[in-house]
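Student: I have a structure open and would like to learn how to read its features. Could you walk me through it?

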Amino acid sequence: MNIVCILAGGIDNQFGSPVPKQYHPINGRTVIEYAIDAAIKSISDEVIVVANGEYLEVFEQNYGVIGVKGGRERNESIENALKYVNQNYRCEKIILLEGVCPLVTTDLLNLYFGYLDEYEAVFTTQTISTSLARYDRAPVMREEYFLVESPDAYQFRILNESFDVSTGYTTPLHMLPKRTKIKYYYDFKDYLKIIEPHDLAVAETLLREKDRRIYFKAHANDLVLSLFAKLRKMNREGTKIWEKQIDYDVEQLFTKWQIYNFSVNPDAYTGLVLECKSREYGEVVIKIYPPFLNERFIKESFIMKTLKDYPQAALLDMDAEKSAMLIRRIIPGDYIDIHSDCEAITVMFRDMIRYRLNVNDIYNIPPEIKGIIAQTDEEYRIAQKHDYNKDLLCYLVKNAHLVYDEYFKDNEKFLLHGDAYFKNALRSEKGILVIDPVGYRDAFEFEYMPMLTYELAIHTRSSDYVEAYKNLILYFSRFADVEKFNAATFVFLVKQLIPSVYEANDGYQRANIYLELIRTLYLVDNETFDLKKCK
């Protein structure tokens, strides 16, 4: 296992500021953020930040790194880090990096990890180019000395066995056995350590020059950091891997699609969504999924390619290797309202009916695109791991199967967008267009369900569920048989409830809303299912 340990516990009163120097801003980011960014993108398996006070929580929340409490001196901080690593990991290689070195690069860290296959330790060093003297004026040969800088890297075993916190040495170099095989690396010419306040200005100038051609930096954007935090709750290890790669992937896509301006969409929660301007395509959206959500990319891209005549945003290009899509941006792209946009929504659904495709007429539908019940069963297996109304969920899933078999099992099946609701159906100059398909293969009644169920769950007070539902059924009766529509509503509400148990990370708030809807509309005395309760 490879670990980068960033030392950021120092206060250093000589800097002349109540704020430690590693937390001072450079070009809108704190000094230490540059070190964290380089470490996250390296081939390290874990990044540890040794710090004090409120900074520990900030690092863990924003970057997903591990925070370890620092000591009073540098060596105490190293000792604390070694104790933590010993207790929690089987570490093979470790790099110690000063949090006040903003010019350290990912490439340098990866190079050092590579050197540790051959050497037991690696030190960043510089020859002394100025004159060197002693206070007693005795002759000094500067060729006999060198500067030791940051970072330094070790086979973990040798650092762990040799480190002695009680020594006065400022580098572990002097603690290693004499026969240690050491690589002295002299070619890191951009080394800069923030020591005095004027060093900030120097670093700012150097970083601006260095970053002049970089279009996108994930860890410099608060919206992207917030996205990473959400994704870590789904898959921490998968998100860590994606964080290392995303800047490179976006840079490649920007070049490929001739992007010259962009902004981050703040509403995205399963992938990165960038609203961009392209020299070739004009106003576009780039949507990128992390590798562990590649199933969503497969389903979404297939729906957009296949249902190309649907009233939806146009898919212009895609990059399967990066799980990325280039989509025509909908302008103005405002969210719809089911009441004020009633007629436009009717036109949208009529167009969906007109251009719908029977699954039997479609070649090679990905297995990831399932029927509603099959998807519910898959999600239910995950939900069972959570202690949330287990008996009632089991009862509801069984009844969803019975209702589905009675009303839809033998019905004609269509390829469905599956997520046309107020946030995914946007106003355009050509009417309402949908985005972000989920993808199902099922009876067409389920194409209306996201619009209805989200309207009930998000825009309706619990005291008004029955009245709102009857009004919605009255509206949707222009498209579907009321009895079948009611049956589809129950099945889909169960489908929406199940993943809410484990996906939302909101203390079951969303699950409680769906459960209350089901109880109000379909359960007698909160326990017995009756499909005709609200009829």
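Student: Let me start with a strand pairing. Which residue in S8 stands opposite Gln126?

Tutor: Gln126 faces Leu147 in S8. Keep in mind as we go that this is a predicted model. Once you have one such pair, look at how the two strands run: S7 and S8 are antiparallel and pair over six bridges.

Student: What other strand is joined to S7, and in which sense do they run, parallel or antiparallel?

Tutor: That is strand S9, residues 182-185, which runs parallel to S7 and is joined to it by four bridges. To find the place on screen, go to Ala121, which stands opposite Ile182 in S9.

Student: How many residues of S7 are buried?

Tutor: Strand S7, residues 121-127, is mostly covered, with six of its seven residues buried.

Student: Now the surface. Which residues make the nonpolar patch of about 210 Å²?

Tutor: Phe146, Val148 and Tyr184 make that patch. Val148 belongs to strand S8, which spans residues 146-155.

Student: Why is Val148 called partly exposed?

Tutor: The label depends on relative accessible area: under 20% is buried, over 50% is exposed, and partly exposed is in between. Val148 is partly exposed because its relative accessible area is 33%.

Student: And Lys287: is it buried or exposed?

Tutor: Lys287 is buried, because its relative accessible area is 6%. You will find Lys287 in strand S12, residues 282-288.

Student: What polar contacts does the side chain of Lys287 make?

Tutor: One polar contact, of 3.4 Å, joins the side chain of Lys287 to that of Tyr289. Another, at 3.2 Å, links the Lys287 side chain with the side chain of Glu300.

Student: Which residues does Lys287 touch, leaving out those up to four places away in sequence?

Tutor: With those left out, Lys287 touches Leu272, Val273, Glu300, Ser323, Ala324, Met325 and Asp436. Notice that Glu300 turns up here as well as in a polar contact with the Lys287 side chain.

Student: Let's finish with a helix. How many of the 11 residues of H13 are buried?

Tutor: Nine of them are, so to read helix H13, residues 449-459, think of it as mostly covered, given that buried means under 20% relative accessible area. Among the buried residues are Met449, Leu452, Tyr454 and Glu455.

Student: Which helices do the buried residues of H13 pack against?

Tutor: Their partners are helix H10 (342-355), helix H14 (465-476), helix H15 (482-503) and helix H16 (509-522).

Technical notes: Residues numbered from 1 in each chain as written. Predicted model: local features only at pLDDT ≥ 70, side-chain atom pairs only at ≥ 80, totals over all residues. Heavy atoms only, no water. Patch = residues over 30% accessible without salt bridge, like charges linked within 9 Å, V, L, I, M, F, W, Y side chains within 5 Å. Areas by Shrake-Rupley, 256 points an atom, 1.4 Å probe, with all protein chains shown as cover. Salt bridge = Lys/Arg side-chain N within 4 Å of Asp/Glu carboxyl O. Buried < 20%, exposed > 50% of the residue type's maximum accessible area, 1.4 Å probe, protein only. Polar contact = N/O pair within 3.5 Å; in protein donor to acceptor, adjacent residues only side chain to side chain. Contact = heavy atoms within 4.5 Å. Pairing = 2+ DSSP bridges.
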